Amino acid sequence: MEKLRIVFMGTPEFAVGILDTIIKNNFEVVGVITAADKPAGRGQKIKYSAVKEYALEHNLKLLQPTNLKDETFLAELRSLNANLQVVVAFRMLPEVVWRMPKLGTFNLHASLLPNYRGAAPINWALINGETKTGVTTFFIDDKIDTGAMILNAAIEISPNENAGELHDRLMVLGSDTVVETLKLIEKGTVVTTIQQDNPEIKTAHKLNKENCKIDWTKSATEIYNLIRGLSPYPVAWCYFKDSGQEWNVKIYEAKIIIENHSNNIGQIITSKKEIKIAVKDGFVQIISIQFPGKKKMQANELLNGITFSESAQAI
């Protein structure tokens, strides 16, 4: 058995949950690598990554390279004398970094590989209406999320679950899976499985403005899955158009009503408390929405301050 000296690499909140579990299981973390500080928000104040906040609170050795091939950074990384690196939601590593430790570098990915390789696996599993997902640990190689798999663990997806809720459950599952992986590596009993490519593999493409926009010509279920798959971040959006005005709105929560109707696709139908959008096989009822310059609010709150005409459209 070889005592592990771990360098941890990660940036967002998801990675913090894993790092915290590693430390609470008494593994030695000799260094933490995270993204460089950057300005954020209207005031452009410098914002620390979630992992940096955690590292500072726990007095962990912290490195924030802008260039992972920089010789000064590489020398600092070598000086930590780690024999294993653990990567969770960080960035693609150059070979000189992932090959450095004796026991290798493994990554935790929030999907059941080889499906949903890429930047947004949690979101795309929900957008595509999956009923099951999970996490996978694998040794990093020179491509993205293609390395030899160590362990995976699966969970069922609730039909009403959103990306934030699934994120939190996968963080717990991922923490347990990383600890199991560390124990196998420590004992020298790891057995890996090579990923098998096939044409039906689904990809977790990077999210952008275009693929987060609601297409109201799709089915109610497809639209519902997009909304929950992007909530609470980055959030599905569309335009509301009425009486010569147009608003870019974000929709956080909805439910669907499957029924026949004669309304135009995209027509906005309101009552005193409800906003519904007509789609080809029923309606998408808006529960939580945000108008430009306003806070997120329930549909009934919005209707206290705005009235839509019968010609109002979601586009």
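This passage walks through a predicted model, from its overall build to its pockets, cores and aromatic rings.

To start with the general layout, the protein is built from 8 helices and 18 strands. Laid along the principal axes, its C-alpha atoms take up a box of roughly 70 × 45 × 30 Å. Of its 315 residues, 49% come out as buried. There is plenty of linking across the sequence too: taking contacts between residues at least 6 apart, 64% join residues at least 24 apart.

Next come the pockets. The largest pocket holds about 1,800 Å³ of space, and its lining is made up of 47 residues. Nearest the centre of this pocket sit T11, P12, A89, F90 and A119. Several elements share in the lining: the helices α1 (13–24), α5 (121–127) and α6 (163–187), along with the strands β3 (38–40), β6 (84–88) and β7 (105–109), each give at least two residues to it. Sorted by class, the lining of the largest pocket comes to 28 nonpolar, 10 charged and 9 polar residues.

The second largest pocket has a volume of about 240 Å³. Among the residues that line it are W124 and I127, together with E210, N211, K213, I214 and D215. Others in the lining of the second largest pocket include K218, E222, I223, N225 and L226. Here α5 and α7 (220–229) each put in at least two residues, and α7 gives the most, with 4. The class count for the second largest pocket is 5 nonpolar, 5 charged and 2 polar residues.

That brings up α7 itself. Because 8 of its 10 residues are buried, this helix is largely enclosed by the rest of the structure. The buried residues of α7 are A220, I223, Y224, N225, L226, I227, R228 and G229. Their cover includes the helices α5 and α6, plus the strands β12 (236–242), β13 (245–258), β15 (275–279) and β16. Of the buried residues in α7, I223, N225 and L226 also turn up in the lining of the second largest pocket.

Just past this helix, S231 lies in the loop between α7 and β12. Is S231 buried or exposed? With a relative accessibility of 4%, S231 counts as buried, because the cut-off for buried is under 20%. Leaving out residues up to four places away in sequence, S231 touches N162, A163, G164 and Y252.

Now for the nonpolar interior. As a general matter, nonpolar side chains in soluble globular proteins tend to be buried together. In this model the largest nonpolar core has 77 residues, and I22, V86, L182, W216, F240 and F308 are the ones with the most contacts inside it. The largest share of this core, 9 residues, is supplied by α6. Which residues does I22 contact, once its neighbours within four places in sequence are set aside? I22 is in contact with I6, F8, F27, V29, V86, V178 and L182. A second core, separate from this one, has 20 residues, including I33, L68, F73 and L80.

The aromatic rings round off the picture. The structure holds 6 aromatic pairs. One of them joins F240 and F291 in an edge-to-face arrangement, with 6.0 Å from centre to centre and 75° between the planes. This pair bridges distant parts of the chain: F240 is in strand β12, F291 is in the loop between β16 (282–290) and β17 (297–298), and 51 residues separate them. Both F240 and F291 are buried.

F291 also pairs with W247, and the ring centres of these two lie 5.5 Å apart with their planes at 50°, so the pair is tilted. W247 belongs to strand β13 and F291 to the loop between β16 and β17, so this pair ties together parts that are 44 residues apart in sequence. At 17% relative accessible area, W247 is buried, and F291, at 6%, counts as buried too. Taken together, ring pairs link F240, W247, F291 and F308 into a cluster. Two members of that cluster, F240 and F308, are also among the residues with the most contacts inside the largest nonpolar core.

Definitions and conventions. Residues numbered from 1 in each chain as written. Predicted model: local features only at pLDDT ≥ 70, side-chain atom pairs only at ≥ 80, totals over all residues. Heavy atoms only, no water. 1 Å grid on protein atoms, 1.4 Å probe; cavity = no way out; pocket = protein on both sides within 12 Å on 5 of 7 lines; lining within 4 Å. Points joined across faces, edges and corners; volume = space filled by probe spheres on them. Nonpolar A, V, L, I, M, F, W, Y, C, P; charged D, E, K, R; others polar. Core = buried A, V, L, I, M, F, W, Y, C linked by side-chain atoms within 4.5 Å. Buried < 20%, exposed > 50% of the residue type's maximum accessible area, 1.4 Å probe, protein only. Contact = heavy atoms within 4.5 Å. Phe/Tyr/Trp six-rings, centres within 6.5 Å; stacked < 30°, edge-to-face > 60°.
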